[in-house]
Protein chains: 2
Amino acid sequence: MIAEIIAIGSELLTPHFQDTNSLYLTEKLNELGVEVGFKTVVGDNRDHLTSAARTALRRADILIFMGGLGPTEDDLTRECVAAALGRDLHRDSEIIAEIYKRFAKMRRKMPENNDRQADILDGAEVLPNALGTAPGQWIETESGDQNQYVILLPGPPHEIKPMFDEQVVPRLRAHLPQQFIATRVLKVAMMPESECDQRVAPIYKRYADVHTTILAGAGEVQLRLTARAESQDAAQQRVDELSGLLEDELDDFVYSTAGESLEQIVGYYLQMRGATIAVAESCTGGMLGERITKVSGSSRYFIGGAIVYDNEMKSLFANVPPMLIAQHGAVSKEVAAALAEGIRDECRASMGVGITGVAGPTGGTEDKPVGLVYHAVSDGKRTNVVERKFLGDRDRIRWWATQQALDMVRRMLM
Amino acid sequence: MIAEIIAIGSELLTPHFQDTNSLYLTEKLNELGVEVGFKTVVGDNRDHLTSAARTALRRADILIFMGGLGPTEDDLTRECVAAALGRDLHRDSEIIAEIYKRFAKMRRKMPENNDRQADILDGAEVLPNALGTAPGQWIETESGDQNQYVILLPGPPHEIKPMFDEQVVPRLRAHLPQQFIATRVLKVAMMPESECDQRVAPIYKRYADVHTTILAGAGEVQLRLTARAESQDAAQQRVDELSGLLEDELDDFVYSTAGESLEQIVGYYLQMRGATIAVAESCTGGMLGERITKVSGSSRYFIGGAIVYDNEMKSLFANVPPMLIAQHGAVSKEVAAALAEGIRDECRASMGVGITGVAGPTGGTEDKPVGLVYHAVSDGKRTNVVERKFLGDRDRIRWWATQQALDMVRRMLM
């Protein structure tokens with residue numbers, strides 16, 4: 001089974017935007033044993049889109065169209081796929097009612113052009129969209145004696161992902177031959193990719209039947225293991241065996257083997273210990289708090305904290321003595337430690353985190369260059385401070401800093 | 001002139017890697033007046049690649065193949081494009097000599113399979129590669145009475161970019177009619193896409209010579225205008241004229257006409273007014289601070305603030321009376337206003353922002369459902385409060401909330 005993913009939108013043919021949905025969909029398709037053979041990007045252009053649909057019908061078994069289902073005149077996916085398939089469209093009154101309701105909920109009137117979103121291909125199943133006005137569509141057809149599946153999905157990532165997971169994956173699974181695939185992802189914090197690979201390559205190379213991919217991000221390496229076998233148990237066993245050996249080798253650098261994010265893991269540990277946490281952030285400007293509170297339910301362990309951008313705020317909110325700042329500079333291990341201890345006291349939390357550094361691109365000096373960041377974590381008994389010099393742009397340096405701080409919290413809780 | 005960019009490589013069809021070269025090439029092609037009509041990604045598969053080449057020959061004037069020029073058996077671009085064009089390959093002895101020299105320089109012996117990199121399509125011009133072993137190829141052909149240009153380029157970004165700039169752009173320029181293109185991007189805050197489109201469509205439709213694209217994100221709509229004309233002035237004039245009319249229609253919903261982000265615009269206004277700002281965030285957990293400090297130099301106007309996740313923090317850091325919280329609930333317009341006023345006082349900033357809401361997915365009630373957010377901005381003289389009910393998941397609700405708050409700051413400063 002070969003899939004083709006077709007992303008629609010003239011903006012995706014500019015230098016400014018890129019389809020990223022296809023990466024998510026590819027992962028889910030691979031889990032079903034489906035390989036993506038082609039990806040196509042086409043603009044909001046009737047001839048081009050119809051031609052792309054015809055081409056895909058000739059070469060793929062599963063066709064996934066993403067985008068172009070909105071209410072504007074630019075949104076041509078419905079019409080063009082209908083033309084390529086030689087089917088008609090009909091306007092579905094139930095969907096119009098749904099869209100009306102949605103607008104009513106937001107206390108707004110539905111603009112008339114939204115009607116177009118209710119155009120359905122003859123013979124299509126409607127895939128309701130809980131998170132937007134454009135419903136998806138599922139069409140089964142035939143090419144030769146082979147089934148073809150044509151799927152229309154909305155473009156916005158927060159709409160396409162749940163629709164694909166909840167409505168498309170189960171339908172595909174019901175139609176595809178059963179596959180036994182086991183996967184596992186090991187997430188490793190704050191270890192350079194080359195060091196990680198050097199340590200794990202001799203191990204995973206002994207497992208030729210397990211496909212291992214190494215992926216490096218900022219402050220994180222992921223080892224992705226995939227095995228296919230004649231039964232689910234057999235596949236799972238191979239993946240688990242290799243995963244166990246890799247965990248032994250990498251030890252406490254591995255923070256997750258079940259897909260959790262670092263902030264989720266920190267949340268688990270905090271809850272397990274009945275602990276709470278507060279943060280005082282300078283150069284990260286709120287990013288650490290934002291990451292911790294990304295996790296639903298984080299109010300059980302996250303108290304809050306302060307964004308101590310200005311030096312006076314460091315004293316006001318985290319009780320850092322102004323003399324300490326004058327003596328060592330705002331970017332120093334002493335101030336980081338004082339931030340962690342001070343915010344912990346102020347917020348009466350079990351743990352406090354302090355971050356201070358130079359995010360750049362301006363503001364660096366010879367002594368305190370761009371990328372220099374001090375991270376401190378205090379639990380009342382001890383305060384750990386780590387100095388790092390990160391490379392990259394402002395965004396990347398700030399991300400690294402939050403990653404380092406979260407990893408320090410994790411290690412202190414372990 | 002329509003271009004198609006074809007990226008070749010099975011890794012580009014996995015969930016982990018993505019072609020980014022095409023964004024660079026698109027920018028350069030647009031500058032030449034060439035639009036990219038299609039982008040295709042295809043794996044290292046003979047049938048798939050030949051079929052993709054045939055499809056592109058049918059629908060594009062300029063075909064750019066990226067990758068698959070290496071020495072391994074997987075590298076099939078030369079053969080497959082030759083097959084699609086019905087041309088033969090010949091092995092170029094000069095190129096073999098070049099590759100030998102390159103290996104000698106690195107003091108390594110040339111592996112025999114590198115010979116394949118010297119296979120040249122009959123009639124092709126060789127594009128030398130100073131930074132790698134794989135040369136590019138330039139082929140002129142005809143489709144009907146129209147010229148077609150078929151270009152083979154290496155995949156690694158540091159090889160393709162100089163080769164494209166130095167060898168392909170000048171060749172294309174010599175063959176293409178001179179073009180004059182002007183563009184403008186209008187960014188609109190907190191207006192639904194459909195409402196925006198309804199208001200602007202009657203205007204931009206009168207400008208058939210200006211291509212208008214509408215792009216919607218969370219709390220933001222972008223209108224991208226592009227015009228071609230017989231001179232740069234004429235193109236610019238058409239874009240500016242339409243842009244002026246759209247700005248008149250959308251009035252103060254337009255926050256940028258030169259590409260700035262909302263947080264940059266807020267930063268400009270604050271600096272222009274010599275004002276400073278502080279934030280007190282509950283459900284956004286630091287995201288507003290993070291967005292404001294994404295802008296380099298934000299320390300000139302951003303003082304800091306508090307992440308008041310726990311109710312006690314609302315009182316501790318922003319002086320919100322506990323009675324007020326008990327009376328109205330933490331998620332209320334009264335508490336939002338008190339947060340904005342309190343943090344402004346505490347931080348001695350010109351402006352204060354307060355955000356409190358239910359980010360979900362849990363924690364909603366009938367009275368205070370998931371997505372309900374109160375935003376307040378105070379400048380000491382007045383405090384504006386906006387209640388919104390956002391749809392979507394936790395991340396999206398939080399993003400919308402920061403977008404709404406930034407837009408309120410912008411409007412108060414205008």
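Q: Two strands pair if DSSP finds at least two bridges between them. How many bridges join β2(A) to strand β2 of chain B?
A: In this predicted model, 5 bridges join β2(A) to β2(B), residues 35-42 of chain B. The two strands run antiparallel. Look at A:T40 to get your bearings: its opposite residue is B:T40, in β2(B).

Q: In which sense do β14(A) and β14 of chain B pair?
A: They pair in the antiparallel sense, over 3 bridges. β14(B) covers residues 302-307. For a single position, take A:I307: its bridge partner in β14(B) is B:G305.

Q: What is the order of strands in the sheet that contains β14(A) and β14(B)?
A: Read the order as β17(A)-β16(A)-β15(A)-β13(A)-β14(A)-β14(B)-β13(B)-β15(B)-β16(B)-β17(B). That is an open sheet of 10 strands with mixed pairing. β17 (383-389) of chain A and β17 (383-389) of chain B are the edge strands, each pairing on one side only. From one strand to the next, the twist averages 15 degrees.

Q: Which strands of chain B does helix α13 of chain B lie across?
A: α13 (394-413) lies across β13 (277-281), β15 (351-357), β16 (372-378) and β17 of chain B. Its direction is at about 25 degrees to β16(B).

Q: How many residues does each chain give to the contact?
A: Chain A gives 62 residues and chain B gives 61. On the side of chain A that touches chain B, the elements giving two or more residues are α1 (21-31), β2 (35-42), α2 (46-59), β10 (210-217), α9 (287-293), β14 (302-307) and α10 (311-318). β2(A) gives the most, with 7 residues. By class, that side of chain A has 27 nonpolar, 26 polar and 9 charged residues.

Q: What describes two packed helices?
A: Two numbers do it: the angle between the axes and the distance between them. Now the case of α10(A) and α12(A), residues 333-347: the axes come within 8 Å and cross at roughly 35 degrees. α10(A) makes the contact through A:K314, A:F317 and A:A318, and α12(A) through A:V335, A:L339, A:G342, A:I343 and A:E346. By class, the residues of this contact are 5 nonpolar, 1 polar and 2 charged.

Q: Which domains does the assignment give for chain A?
A: It gives domain 1 (2-175), domain 2 (181-256) and domain 3 (262-413). The C-alpha centres of domain 1 and domain 2 of chain A lie 35 Å apart. For the whole chain, the secondary structure comes to 13 helices and 17 strands. The C-alpha trace of chain A spans about 75 × 60 × 40 Å along its principal axes.

Q: Why does A:A235 count as buried?
A: The cut-off for buried is 20 or more other C-beta atoms within 10 Å. A:A235 counts as buried because it has 21 C-beta neighbours inside 10 Å. It sits in helix α7 (232-250) of chain A. Beyond its neighbours within four places in sequence, A:A235 is in contact with A:F180, A:I181, A:A182, A:A227, A:R228 and A:A229. Across chain A, 49% of the 414 residues count as buried.

Q: Is A:R348 buried or exposed?
A: A:R348 is exposed, because only 12 or fewer C-beta atoms qualify a residue for that class, and A:R348 has 12 others within 10 Å. It lies in the loop between α12 and β15 of chain A.

Q: What sign does phi have in most residues other than glycine?
A: Negative, and most peptide bonds are trans. Here A:R348, not a glycine, has a positive phi of about 50 degrees. B:N319 also has a positive phi, near 55 degrees. B:N319 is in the loop between α10 (311-318) and α11 (322-328) of chain B. With 15 C-beta neighbours inside 10 Å, B:N319 counts as partly exposed.

Q: Which residues does a cis peptide bond join in chain A?
A: It joins A:G360 and A:P361, with omega about 0 degrees. A:P361 is in the loop between β15 (351-357) and β16 (372-378) of chain A. In chain B, the bond from B:G360 to B:P361 is cis, with omega near 0 degrees. B:P361 is in the loop between β15 and β16 of chain B.

Q: What scores does the model have?
A: ipTM is 0.81 and pTM is 0.81. Chain A has a mean pLDDT of 93, and 100% of its residues reach 70 or more.

Methods:
Residues are numbered from 1 along each chain as its sequence is written. Chains are lettered from A and ligands numbered from 1 in the order in which they are written. This is a predicted model: local features need pLDDT of at least 70, side-chain atom pairs count only at pLDDT 80 or more; totals for chains, interfaces and linings use all residues. Two residues are in contact if their C-beta atoms, placed from the backbone, lie within 7 Å. Helices (H or I, at least four residues) and strands (E, at least two) are DSSP runs, numbered from the N terminus. Ala, Val, Leu, Ile, Met, Phe, Trp, Tyr, Cys and Pro count as nonpolar, Asp, Glu, Lys and Arg as charged, and the others, Gly among them, as polar. Axes are lines fitted to C-alpha atoms, for helices over the stretch in contact, and angles run from 0 to 180 degrees between N-to-C directions. Domain bounds come from an automatic or database domain assignment. pLDDT is the predictor's confidence in each residue, from 0 to 100.
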